[in-house]
Structures are given as structure tokens and as C-alpha cells.
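Colleague: I've just opened this one and could use a quick tour. Mind walking me through the model?

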Amino acid sequence: MSNSDPVPRLSFPLRVQVDVPAGLTPDDVAVTILDGHDKVVHQGLGSSSTPLPTGLYTVRFEFANEIQERVVRHDKPTEVFLSAERKA
């Protein structure tokens, strides 16, 4: 490796866990993961796991016309939890 080669970044799993009320499934929650440049690096429904390089990520949950975002420092295997509840 020469001095001009970029240093390889480590990758670890980023796991998203979704808990929903009775009668619904985790697939009712759309999950989007964006990197530090707001580029989409993962999209899916419900709980999932994806290997990502270390860095800062935004995990966006969309459920019942509500959007929640969490910023995650991902420097080891990481888990993000969402407990989604319907608003009355």
C-alpha cells in the first residue's frame, strides 16, 4: 500500500429493530439509513441488518404519517431500536 492509497475503513453490522403494536407488523415501518452526506445507503421495511463502514449515520423511521430520525455513531456493531405506537 502506497502513501496515497486510502486507509480501508472497517465495516460492522448496523442492526435496526422495530417493535410495533399488536395487529401490525414491523413491515409497516419504512426504514432508511443515510450516511454523513445524506446519501441513502440502505432502505427497507421493518427490522434489518446491513454491514456499513464506520461513520455517522442517520436512521429514519416512517410510520403512520410520522417521521423519526436518530443520528448514530457507528464504530462497532450497532443496534438501533424503535418502539412505534399509533397516535390517538
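**A first look**

Modeller: Sure. Of the 88 residues in the protein, 28% are buried. Bear in mind that this is a predicted model.

Colleague: How many helices and strands does the secondary structure come to?

Modeller: There are 0 helices and 7 strands. Read from the N terminus, the elements go β-β-β-β-β-β-β.

Colleague: And what about the surface, how much of that belongs to carbon and sulfur atoms?

Modeller: The accessible surface is about 6,000 Å², and 50% of that belongs to carbon and sulfur atoms.

Colleague: OK, the strands. In what order do they sit in the open sheet of 3 strands?

Modeller: The order is S4-S1-S7, and the pairing is mixed. Strand S4 (48–53) and strand S7 (78–83) are the edge strands, each pairing on one side only. On average, neighbouring strands of this sheet are turned by 20° against each other, ignoring direction.

Colleague: In which sense do S1 and S4 pair?

Modeller: Antiparallel, over 6 bridges, with strand S1 covering residues 11–19. If you want a spot to look at, find Val-16: its bridge partner in S4 is Ser-48.

Colleague: Let's go inside. Which residues touch the most other members of the largest nonpolar core?

Modeller: Leu-14, Val-16, Val-29, Val-59 and Phe-61, out of 16 residues in that core. At least two core residues come from each of S1, S2, strand S5 (55–63) and S7. S5 gives the largest share, 4 residues.

Colleague: Phe-61 caught my eye. What is it in contact with, leaving aside neighbours within four places in sequence?

Modeller: Quite a list. Among its contacts are Val-16, Val-18, Val-29, Val-31, Ile-67, Val-80 and Leu-82. The list also includes Glu-66, Gln-68 and Arg-70.

Colleague: Switching to charges: how many salt bridges are there?

Modeller: The count is 2 salt bridges. In one of them, the side chains of Glu-79 and Arg-15 meet at 3.7 Å, N to O.

Colleague: Why does that pair tie together parts that are 64 residues apart in sequence?

Modeller: Because Glu-79 lies in strand S7 and Arg-15 in strand S1. Glu-79 is partly exposed, at 46% relative accessibility, and Arg-15 is partly exposed too, at 38%.

Colleague: And the Glu-69 and Arg-60 pair, what's the N to O distance there?

Modeller: That salt bridge comes out at 2.7 Å. Glu-69 has a relative accessible area of 47%, so it counts as partly exposed. Arg-60 is partly exposed as well, at 25% relative accessibility.

Colleague: Now the loops. Where does Pro-77 lie?

Modeller: In the loop between strand S6 (66–74) and S7.

Colleague: Buried or exposed?

Modeller: Pro-77 is exposed, because its relative accessible area is 53% and the cut-off for exposed is over 50%. Leaving aside neighbours within four places in sequence, Pro-77 is in contact with Phe-12 and Pro-13. From Pro-77 to Thr-54 is 9.5 Å, C-alpha to C-alpha, with the two 23 residues apart in sequence.

Colleague: Last one: what's the phi of Asp-38?

Modeller: Positive, about 60°, although Asp-38 is not a glycine. Asp-38 is in the loop between strand S2 (30–34) and strand S3 (40–45). With 59% relative accessibility, Asp-38 counts as exposed.

How values were computed: Residues are numbered from 1 along each chain as its sequence is written. This is a predicted model: local features need pLDDT of at least 70, side-chain atom pairs count only at pLDDT 80 or more; totals for chains, interfaces and linings use all residues. Side-chain values use heavy atoms; hydrogens and water are left out. Buried means under 20% relative accessible area, exposed over 50%, partly exposed in between (1.4 Å probe, protein chains only). Two strands pair if DSSP finds at least two bridges between them. Axes are lines fitted to C-alpha atoms, for helices over the stretch in contact, and angles run from 0 to 180 degrees between N-to-C directions. Contact means heavy atoms within 4.5 Å. Accessible areas come from the Shrake-Rupley method with a 1.4 Å probe; for residues, only the protein chains shown count as cover. A nonpolar core is a set of buried Ala, Val, Leu, Ile, Met, Phe, Trp, Tyr and Cys residues joined through side-chain atoms within 4.5 Å. A salt bridge is a side-chain nitrogen of Lys or Arg within 4 Å of a carboxyl oxygen of Asp or Glu.
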